[in-house]
Amino acid sequence: MNPIEAQDPAIWNLIRAEEARQREDLELIASENYASAAVMAAAGSVLTNKYAEGLPGKRYYGGCAVVDQVEDIARERALQLFGADGVNVQPHSGAQANAAVYLSCLKPGDVLMGLDLSNGGHLTHGSPATSSGKLYRAVHYRVDSTGRIDMNAVRELALRERPAMIVTGASAYPRLWDFAAFRAIADEVGALLLADIAHVAGLVAVGLHPSPVPYCDFVTTTTHKTLRGPRGGIAMARSAHMKALNSAVFPGSQGGPLMHIIAAKAVAFGEALRPEFKAYQQQVLDNAQAMAGRLQERGFALVSGGTDNHLMLLDLSLKSYSGKDAEEVLGRAGITVNKNTVPNEKRSPFVTSGVRLGTPAMTTRGCVAGDAIRVADLIADALDNREDADRIASIRAEIHALCGTKPVPGLGR
């Protein structure tokens, strides 16, 4: 009997229910993925018992000889993956990694410039709902009528507002980033440059997306999503900024690091350094291209007309139903997605006119382009037959049959 089952059956039953959901339903949320059994084992290891405030060799607690080695391995592998000058692997999330970067080099009231949230940006890039929008004066660039970032408009905004920091990166932008162009603009206005690559980090690590490291003062990422690690974050910086960044992480913005999660990050980074990880990332891209193409063939509009990475945005602005409606229907069909705002959004952010789709998790299960095309057809069928309960049930049965042939790594069949 599992010790959780013996001690706390209520929680055990919920864990089993979530396990069943992950086995049976198809995960298309672009920010989610499946960690390996090894990553999950590290996250559930005895390292959860150890406090280790500070950095390896400079701890405020005794008994850190072992965890120092764990963190050193995580740092070495992260640097090998991304080629940065320095890295801090302690941030508990991508949001905290960004907050630490801001704390390390900005003053309250400084101008922070990032992509508008409704245009695909992230909350931590200056949304007024977050500390990044409360502590700093946030200004935002937007996508143009084609759904792409217009670098001339970015430059004009930067020249007018003179930001102390420019942020690149997004939570829902399906195209590549021109980091060199952002660097030129940052240099022209005297700004620091941060790349938040939380979504595309796995692609960057294997060379299938341009790397920001040669151009940016700071690079942050989560360690899940395309990296397939535990929920967490890391922050990288040029050597001149590392001392301030380390202090901004601890004690500036958080206390003791989660050594069990750092161990899980190290395991995930080790997995990402293997040759098969690049093949996986290429399949993620192939599946996204296949899915996007088929959805367009079925008459669905995509923001920017397609995708260069792992995600796409269905634009439902001209449909009679909302992103929230689509999320609910697809959920009943066994396909997990999230509603999302689109550029020039007319509906509430709680309703939205878009749906974000991503291929990392389905690819981890072993799906290939043919599967992605079939799933696109099932998505289209579900949305075209929203009121037909029998058709939705048959789609759910087909999704469950597909998932039955594609076990979740770490869970088995």
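How many nonpolar, polar and charged residues are there in the lining of the second largest pocket? In this predicted model, the count for that lining comes to seven nonpolar, 17 polar and five charged. The pocket itself holds about 580 Å³ of space. Its lining takes in 29 residues, and those nearest the centre are Ser31, His122, Leu123, Ser171 and Arg356. As for the elements involved, helix H5 (94–105) and strand S14 (338–340) each put at least two residues into the lining of this second largest pocket.

The largest pocket comes next, with a volume of about 860 Å³. Its wall is built from 26 residues, with Gln22, Asn33, Tyr34, Ala35 and Met40 closest to the centre. Two elements give two or more residues to that lining, namely helix H2 (9–24) and helix H3 (37–43). H2 is the top contributor to the largest pocket, supplying six residues. Sorted by class, the lining of the largest pocket splits into 13 nonpolar, six polar and seven charged residues.

Then there is the enclosed space. Rolling a probe the size of a water molecule over the atoms shows where empty space is left. Here, two cavities of 30 Å³ or more turn up in the structure. The largest cavity contains about 90 Å³ of space, and among its 14 lining residues Gly169, Ala170, Trp177, His199 and Val200 sit closest to the centre. That lining is made up of eight nonpolar residues, five polar ones and one charged.

The second largest cavity has a volume of about 40 Å³. Ser118, Asn119 and Gly120 help to line this cavity, together with Val143, Gly147, Ala172, Pro174, Val303, Leu313, Thr341 and Pro343. How does this second set break down by class, and how many of its residues are charged? The lining of the second largest cavity has six nonpolar and five polar residues, and no charged ones.

On to how the helices pack. Two packed helices are described by the angle between their axes and the distance between the axes. H5, already met in the lining of the second largest pocket, packs against helix H10 (residues 239–253) at an angle of about 115°, and the two axes lie 8 Å apart. That angle makes H5 roughly perpendicular to H10. The crossing of H5 past H10 is right-handed. On the H5 side, the contact uses Gln96, Ala100, Val101, Leu103 and Ser104, which meet Ala244, Leu245, Ala248, Val249, Gly252 and Ser253 of H10. Seven of the residues in this contact are nonpolar and four are polar, with no charged residue taking part.

A second helix pair involves helix H13 (residues 323–332) and helix H15 (residues 369–384), which pack at an angle of about 115° with their axes 9 Å apart. H13 and H15 are therefore roughly perpendicular to each other, and their crossing is right-handed. What residues make this contact? H13 brings Ala326, Val329 and Leu330, while H15 brings Ile379, Ala382 and Leu383. The contact of H13 with H15 has six nonpolar residues, and neither polar nor charged ones.

How values were computed
Residues numbered from 1 in each chain as written. Predicted model: local features only at pLDDT ≥ 70, side-chain atom pairs only at ≥ 80, totals over all residues. Heavy atoms only, no water. 1 Å grid on protein atoms, 1.4 Å probe; cavity = no way out; pocket = protein on both sides within 12 Å on 5 of 7 lines; lining within 4 Å. Points joined across faces, edges and corners; volume = space filled by probe spheres on them. Helix = DSSP H or I, 4+ residues; strand = E, 2+ residues; numbered from the N terminus. Nonpolar A, V, L, I, M, F, W, Y, C, P; charged D, E, K, R; others polar. Axes fitted to C-alpha atoms, helices over the stretch in contact; angles between N-to-C directions. Parallel < 35°, antiparallel > 145°, perpendicular 65-115°, else oblique. Left-handed = near helix turned anticlockwise from the far one by under 90°. Contact = heavy atoms within 4.5 Å.
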